[in-house]
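Subject: Structure for your records, with notes

Hello,

Here is the structure I said I would pass on. My notes come after it.

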Amino acid sequence: MFEGKGWGDLFLEDSRNQAFNQVILDVINEKMVNLHRRVPYVQPGGKTLQLSITGSFFRENEQIAGIVVILHDVTEIQLLHDREKQVLREKHRLERERAEGLTLLATAVAHQIRNPVMSIGGFAMRILNKMDENSSIAVYLKNILSDAERLEAIVRVVSEYTRIPAAKPVQVSIAAILEKEMAQLQAKAAELSMRVTWSLALSVVEFAVDPALFRRAIYEVLLNAMEFSKGNEVSVTIFLSEGQNGLLMEIVDNGAGISEKDMPYVFDPFFTTKAVGVGMGLCLVKRIVGEHGGDVRIDSEPGKGTKVIMGFPDQAPVPV
Ligand SMILES: Nc1ncnc2c1ncn2[C@@H]1O[C@H](COP(=O)(O)OP(=O)(O)OP(=O)(O)O)[C@@H](O)[C@H]1O
Ligand SMILES: [Mg+2]
């Protein structure tokens, strides 16, 4: 397309091609080798192309030998990417709308249940205090009390879920957040007489996330790694890397693993294999990662361990 044309033809006096011209100027002025940029280029006919440019400055015997500029027309690829992003944004919008509807329902139900549950628990406790602890009625009352406490815990975590705000990502030290959460869980491990070996393999230190939400999600995943260990010991490794799509975090444990039959349900609200558990941890995690425009999935081998894989894109999706 540019074959046989001189620099004058390429360096059009068109201010819209400033980014394109700048690449060539940078190669010459900074004597750069392998400078790579993606820039728009407006053709004389007015059509805008997306060009991928690689430019290099060459010397021979301390003399300037010239510059080489390789241009790739990536307009079609860029259009495909834009269309993909558009589809993804629409998918997120629909998911958000659906989630908002469910959230309203959950808020209303939690609100209606909270007061009766608190009074059931409160009255059961008052009667229990007036009774002989060993009477058979006291046993019934204790059952009422523990079920009321369980319901209160459900209401508490559902209310928390419904109040999760939209993520406001800021650049933070991911390593510092992870270390804080690990320290907090270390104290819990000591309480439970558990030995946890933590390892960090981080090739990214900083990234833009909502710090409070991110901490909350990490806490739940690390807590699961501890709670679903095989015995009193567990090793947990956190891998952090930055790929084309943003931040990739993998939290790997060598615990009990998840059976094939449980796997499809682990992100469902209230799914738990604990004797006394609410089963909202991973549901919260999924919501928080989703609020960042990312996704979470789990790989697990029963008896060997579990890997929770979370992807956080560079930018949260633009609200539409
Ligand atoms: N690291 C893990 N190893 C083994 N099983 C896991 C792990 N993480 C989650 N699970 C399985 O997924 C289920 C759901 O996890 P989730 O965190 O949502 O709820 P929970 O831990 O059971 O209860 P809660 O988090 O509300 O206290 C767990 O009950 C467990 O069966
Ligand atoms: Mg949990």
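The notes below go from the whole chain to the ligand site, one helix and a few single residues.

Overall shape

Please keep in mind that this is a predicted model. The protein is split into domain 1 (7–73), domain 2 (84–163) and domain 3 (167–320). Between the C-alpha centres of domain 1 and domain 3 the distance is 45 Å. The secondary structure comes to seven helices and ten strands.

The radius of gyration is 28 Å, whereas a compact globule of 320 residues would have one near 20 Å. Along the principal axes, the C-alpha atoms occupy a box of roughly 100 × 40 × 35 Å. Buried residues make up 21% of the 320. Of the contacts between residues at least 6 apart in sequence, 62% link residues at least 24 apart.

Ligand 1

The shell around ligand 1 has 24 residues, and the closest are Asn 224, Phe 228, Thr 272, Gly 281 and Leu 282. By class, ten of the shell residues are nonpolar, nine are polar and five are charged. Helix H6 (211–227) and helix H7 (281–291) each provide at least two residues of this shell. H6 contributes the most, with four residues.

Helix H6

What length should H6 have, at 1.5 Å a residue? Its 17 residues should span 24 Å, and the end C-alpha atoms are 24 Å apart, so the two values agree.

The buried residues of H6 are Leu 213, Phe 214, Ala 217, Ile 218, Tyr 219, Val 221, Leu 222, Asn 224 and Ala 225. Asn 224 therefore appears twice in these notes, as a buried residue of H6 and among the residues closest to ligand 1. The cover over the buried residues of H6 includes helix H5 (174–191), strand S6 (206–209), strand S7 (233–243), strand S8, helix H7 and strand S10 (305–312). H7 thus has a part in covering H6 as well as in the shell around ligand 1.

The loop between S8 and H7

Two residues of this loop are worth a note. Pro 264 sits in the loop between strand S8 (246–253) and H7. Is Pro 264 buried or exposed? It has 9 other C-beta atoms within 10 Å, and 12 or fewer counts as exposed, so Pro 264 is exposed. Its C-alpha atom is 10.0 Å from that of Ile 298, with the two positions 34 residues apart in sequence numbering.

Phe 270 is also in the loop between S8 and H7. Its phi is near 70°, a positive value in a residue that is not glycine. Phe 270 has 13 other C-beta atoms within 10 Å and is therefore partly exposed.

Asn 34 and Pro 40

Asn 34 is another non-glycine residue with a positive phi, of about 60°. Asn 34 belongs to the loop between helix H2 (18–30) and strand S1 (35–42). Because Asn 34 has 9 C-beta neighbours inside 10 Å, it counts as exposed.

Pro 40 is part of strand S1. With 15 C-beta neighbours inside 10 Å, Pro 40 counts as partly exposed. Leaving out residues up to four places away in sequence, Pro 40 touches Ala 19, Thr 48 and Gln 50. Pro 40 and Lys 142 are 102 residues apart along the chain, and their C-alpha atoms are separated by 72 Å.

Regards

Key
Residues are numbered from 1 along each chain as its sequence is written. Chains are lettered from A and ligands numbered from 1 in the order in which they are written. This is a predicted model: local features need pLDDT of at least 70, side-chain atom pairs count only at pLDDT 80 or more; totals for chains, interfaces and linings use all residues. Domain bounds come from an automatic or database domain assignment. The radius of gyration is taken over C-alpha atoms; the globule rule is 2.2 Å times the number of residues to the power 0.38. A residue is buried if 20 or more other C-beta atoms lie within 10 Å of its own, exposed if 12 or fewer, and partly exposed in between; C-beta atoms are placed from the backbone. Two residues are in contact if their C-beta atoms, placed from the backbone, lie within 7 Å. A residue is near a molecule or strand if its C-beta atom, placed from the backbone, lies within 6 Å of it. Ala, Val, Leu, Ile, Met, Phe, Trp, Tyr, Cys and Pro count as nonpolar, Asp, Glu, Lys and Arg as charged, and the others, Gly among them, as polar. The expected span of a helix is 1.5 Å times one less than its number of residues.
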